[in-house]
Amino acid sequence: MSMTHLSIEPAILYLGTPVVLISSINEDGSPNLAPMSSAFWLGWRGMLGFEAVSKTPNNIVRTGECVLNLPSMDQVDAINRLSRLTGSNPVPAGKALRGYRYHADKFGIAGLTPVASETVAPPRVLECPIQLEAELVRVNPMMTDEYDYTQHERSAECTLEGIVALEVRIKRVHVVPALMVKGQPNRIDPDRWKPIIMSFCRYYGLGSELAVSKLAQIPEEQYRSPDIDRANVERLCIANRDRAAAD
């Protein structure tokens, strides 16, 4: 079957990525909570994309840590309640043009519950079935190549105020038992895990498996990252420190 493609200029390329609720710590010690969808994982590393002026990346760069809370389809209303709020006061100019407003108590307005993390200061979101505690590894500014965008007639229409990608290392993974493969304590069952997917700024869920994947025939352990062992060593050090402090 022949197919003709069109050359187009979509304003965004949100072709389908998972929604993540990121918790971080503000300057006054209060928690911030923000949804985002420019995220992917390799091993126990995550790459997170943000508008550079947003509160969340600034909190992460300042404190060096965050929690990546992955909501299921059940939390979509909570995500929507947060979607045009910011923890930045005053609201950055570009976000103000998009109708964002400041709100200090993100957990409260979303109707979500903060619970203590084990390795980082930001709280986890109790209602999220998967929670990843993480520390910052590297800051990667984007669109920093030497190019004069002001020469273009429509450059003033862009409300983005720079882009940054943060590499984080996962330190602890928390998962509700209902998502686990029966008899395999370290495997999440993709038939049970139903993330929220953002596609062109709209929220979708996952359907049933399309076909038997040849990649799924590779044992998951063959993808195991050394970061898992690193996290286990850190867990042991914390336990030894706590025992010594109690003696």
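Two strands count as paired if DSSP finds at least two bridges between them. In this predicted model, strand 13 (residues 197-199) and strand 14 meet that condition, pairing in the antiparallel sense over three bridges. Ile197 stands opposite Tyr204 in strand 14.

**The two sheets**

Strand 13 and strand 14 belong to an open sheet of three strands, ordered 1-13-14 with antiparallel pairing. Its edges are strand 1 (17-18) and strand 14 (202-204), each of which pairs on one side only.

An open sheet of seven strands has the order 3-2-6-11-12-5-4, and its pairing is also antiparallel. Here the edge strands are strand 3 and strand 4 (39-42), each pairing on one side only. Neighbouring strands of this sheet are turned by 30° against each other on average, direction ignored. At the strand 3 edge, strand 2 and strand 3 pair in the antiparallel sense over six bridges. Ser24 has Asn32, in strand 3, as its bridge partner.

**Helices across the strands**

Two helices lie across strands of the seven-stranded sheet, as tabulated below.

| Helix | Strands it lies across | Angle |
|---|---|---|
| Helix 1 (residues 55-63) | strands 2, 3, 5, 6, 11 and 12 | about 50° to strand 2 |
| Helix 5 (residues 226-246) | strands 5, 11 and 12 | about 60° to strand 12 |

Which residues of helix 1 are buried? They are Lys55, Thr56, Pro57, Asn59 and Ile60. The cover over these buried residues includes strand 2 (20-25), strand 3 (31-36), strand 5 (45-51), strand 6 (65-70), strand 11 (130-142) and strand 12 (163-175). After helix 1 comes Gly64, with a positive phi near 80°.

**Nonpolar cores**

In soluble globular proteins, nonpolar side chains tend to be buried together. The largest nonpolar core in this model has 19 residues, and Ile22, Leu48, Phe50 and Leu68 are those with the most contacts inside it. Strand 2, strand 5, strand 6, strand 11 and strand 12 are the elements that give two or more residues to this core. Strand 12 gives the most, with four residues.

Leu48 shows how these elements come together. Leaving aside neighbours within four places in sequence, Leu48 is in contact with Ile22, Met36, Ser38, Ala39, Leu68, Val164, Ala165, Leu166 and Val168. A second, separate core has 14 residues, among them Leu21, Ile79, Phe107 and Ala110.

**Glu161**

Glu161 is placed in the loop between strand 11 and strand 12. Is Glu161 buried, exposed or partly exposed? Its relative accessibility is 30%, so Glu161 counts as partly exposed; the buried class ends under 20% and the exposed class begins over 50%.

Not counting residues up to four places away in sequence, Glu161 touches Glu51, Ala52, Val53, Pro92, Ala93, Gly94 and Lys95. With Gly94 there is a specific polar approach: the backbone nitrogen of Gly94 lies 2.6 Å from a polar atom of the Glu161 side chain. Glu161 and Leu6 are 155 residues apart along the chain, and their C-alpha atoms are separated by 30 Å.

Note on methods: Residues are numbered from 1 along each chain as its sequence is written. This is a predicted model: local features need pLDDT of at least 70, side-chain atom pairs count only at pLDDT 80 or more; totals for chains, interfaces and linings use all residues. Side-chain values use heavy atoms; hydrogens and water are left out. Buried means under 20% relative accessible area, exposed over 50%, partly exposed in between (1.4 Å probe, protein chains only). Contact means heavy atoms within 4.5 Å. Axes are lines fitted to C-alpha atoms, for helices over the stretch in contact, and angles run from 0 to 180 degrees between N-to-C directions. A nonpolar core is a set of buried Ala, Val, Leu, Ile, Met, Phe, Trp, Tyr and Cys residues joined through side-chain atoms within 4.5 Å. A polar contact is a pair of N or O atoms within 3.5 Å; within protein, one must be able to donate a hydrogen and the other to accept it, and residues adjacent in sequence count only if both atoms are side-chain atoms.
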